[in-house]
Amino acid sequence: RPVHEVRKRLGQELAREQPVDADVVVPIPDSGVYHALGFCQVSGLPFEFGLVRTHYIGRTFIEPQQSIRHFGVKIKLNPIRDVLEGKRVVIVDDSIVRGTTSKKIVKMVRDAGAKEVHLRISSPPTTHPCFYGIDTPTRGELIASSHAVEEIRRYVTADTLGYLSLEGLLKVVPHAADGFCHACFSGDYAVPFPWESIQQLGLFEP
């Protein structure tokens with residue numbers, strides 16, 4: 001199935017599960033664009049590019065140091081004041097990892113004049129690391145592994161925060177429950193790991 005169509009369907013399901021009274025839907029480029037389009041199709045809210053991305057910066061959550069991630073966010077995204085000022089804004093993204101990037105984005109949107117900032121995430125909370133080839137942070141660094149949704153909302157300073165449920169995710173992707181790994185959301189690994197002794201490998205370690 002075309003990936004962009006699945007992403008739009010995830011956004012549609014997110015809008016059904018986590019509706020919000022707002023003025024405009026703004027995606028986090030580029031990861032949240034199709035999810036936001038789907039959210040708009042169900043919610044009826046207008047879609048706007050209120051954040052513009054420079055493509056010279058890669059995935060900030062992979063960077064090893066907080067100072068580098070902070071610098072990357074500051075030059076990666078630029079808010080458009082004309083789109084955001086005085087508006088109740090829904091920010092749509094595909095995930096929250098550590099939460100630090102989301103916090104900076106919410107502040108950036110508020111500083112651009114947004115009246116309210118509502119964060120919507122088109123996946124369940126990421127509570128477990130990936131041991132199958134994705135260089136995610138360790139479990140201790142994943143904010144959702146040790147904090148409830150309301151605690152995360154307060155940390156990122158959003159007015160509201162809503163995630164897509166695992167049931168909603170599986171409903172969108174045909175046969176997902178039978179063959180797709182969702183261990184990062186559920187902790188249900190196809191191959192069990194001894195949590196006390198395992199060391200998570202870095203991206204370039206043998």
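Buried here means under 20% relative accessible area. Everything in these close-ups comes from a predicted model.

**Figure 1. Phe131 and Tyr189, a buried aromatic pair.**
Both Phe131 and Tyr189 are buried. Their rings make a tilted pair, with 5.7 Å between centres and 55 degrees between the planes. Phe131 comes from the loop between β5 (116-121) and α6 (149-156), while Tyr189 belongs to the segment after α9 (183-186), so this pair ties together parts that are 58 residues apart in sequence. A search of the whole structure turns up two aromatic pairs, and the other one gets its own view next.

**Figure 2. Phe47 and Phe49, edge to face.**
Here Phe47 and Phe49 pair up edge-to-face, at 5.0 Å centre to centre and with 90 degrees between the planes. Are these two rings buried or exposed? Phe47 is partly exposed, because its relative accessible area is 23%. Phe49 also lands in the partly exposed class, at 45% relative accessibility.

**Figure 3. Lys103 over the ring of Tyr155.**
This one is a charge-on-ring view: the charged end of Lys103 sits over the Tyr155 ring, 4.4 Å from the ring centre. Lys103 falls within the residue range of helix α5, 100-111, and that helix is shown in Figure 7.

**Figure 4. Cys130, Cys181 and Cys184, with no disulfide among them.**
Searching the whole structure for disulfides gives zero. For Cys130, the nearest cysteine sulfur is that of Cys181, and it is 6.5 Å away. Cys130 counts as buried, because its relative accessibility is 19% and the buried class takes in values under 20%. Why does Cys184 make no bond to Cys181? The two sulfurs are 6.6 Å apart, which is too far, and Cys181 holds the closest cysteine sulfur to that of Cys184. Cys184 itself is partly exposed, with a relative accessible area of 24%.

**Figure 5. Salt bridges that link separate elements.**
The salt-bridge count for this model comes to 12, and two of them are picked out here. In the Asp21–Arg88 bridge, the closest N and O atoms are 3.2 Å apart. Asp21 sits in the loop between α1 (3-17) and β1 (24-27) and Arg88 in strand β4 (residues 88-93), so the bridge ties together parts that are 67 residues apart in sequence. Asp21 is exposed, at 56% relative accessible area. The side chains of Asp30 and Arg53 also meet in a salt bridge, at 2.9 Å from N to O. This time the loop between β1 and α2 (33-43) supplies Asp30 and strand β2 (residues 51-53) supplies Arg53, so the parts tied together are 23 residues apart in sequence. Asp30 counts as partly exposed, with a relative accessibility of 40%.

**Figure 6. Arg81 with Glu85, and a three-residue network.**
Glu85 and Arg81 form a salt bridge whose closest N and O atoms are 3.7 Å apart. Both ends are partly exposed: Glu85 has a relative accessible area of 45%, and Arg81 comes in at 39%. The companion panel turns to Glu13, Arg16 and Lys171, which are linked in a network of salt bridges.

**Figure 7. Helix α5 and the glycine that follows.**
With 12 residues (100-111), α5 reaches 17 Å from its first C-alpha to its last, close to the 16 Å expected at 1.5 Å a residue. Which residues of α5 are buried? They are Thr100, Ser102, Ile105, Val106, Met108 and Val109. After the helix comes Gly113, with a positive phi near 105 degrees.

**Figure 8. The buried side of α2.**
In α2, the buried residues are Val33, His35, Ala36, Gly38, Phe39 and Cys40. What covers them? The cover includes α1, β1, β4 and β5. Gly44 follows α2, and its phi is positive too, near 80 degrees.

**Figure 9. The whole chain, for context.**
Stepping back from the close-ups, the chain has nine helices and six strands. Of its 206 residues, 44% count as buried. Taking contacts between residues at least 6 apart in sequence, 74% join residues at least 24 apart.

Notes. Residues numbered from 1 in each chain as written. Predicted model: local features only at pLDDT ≥ 70, side-chain atom pairs only at ≥ 80, totals over all residues. Heavy atoms only, no water. Phe/Tyr/Trp six-rings, centres within 6.5 Å; stacked < 30°, edge-to-face > 60°. Buried < 20%, exposed > 50% of the residue type's maximum accessible area, 1.4 Å probe, protein only. Helix = DSSP H or I, 4+ residues; strand = E, 2+ residues; numbered from the N terminus. Lys NZ or Arg CZ within 6 Å of the ring centre and 35° of its normal. Disulfide = S-S within 2.5 Å. Salt bridge = Lys/Arg side-chain N within 4 Å of Asp/Glu carboxyl O. Expected span 1.5 Å × (residues − 1). Contact = heavy atoms within 4.5 Å.
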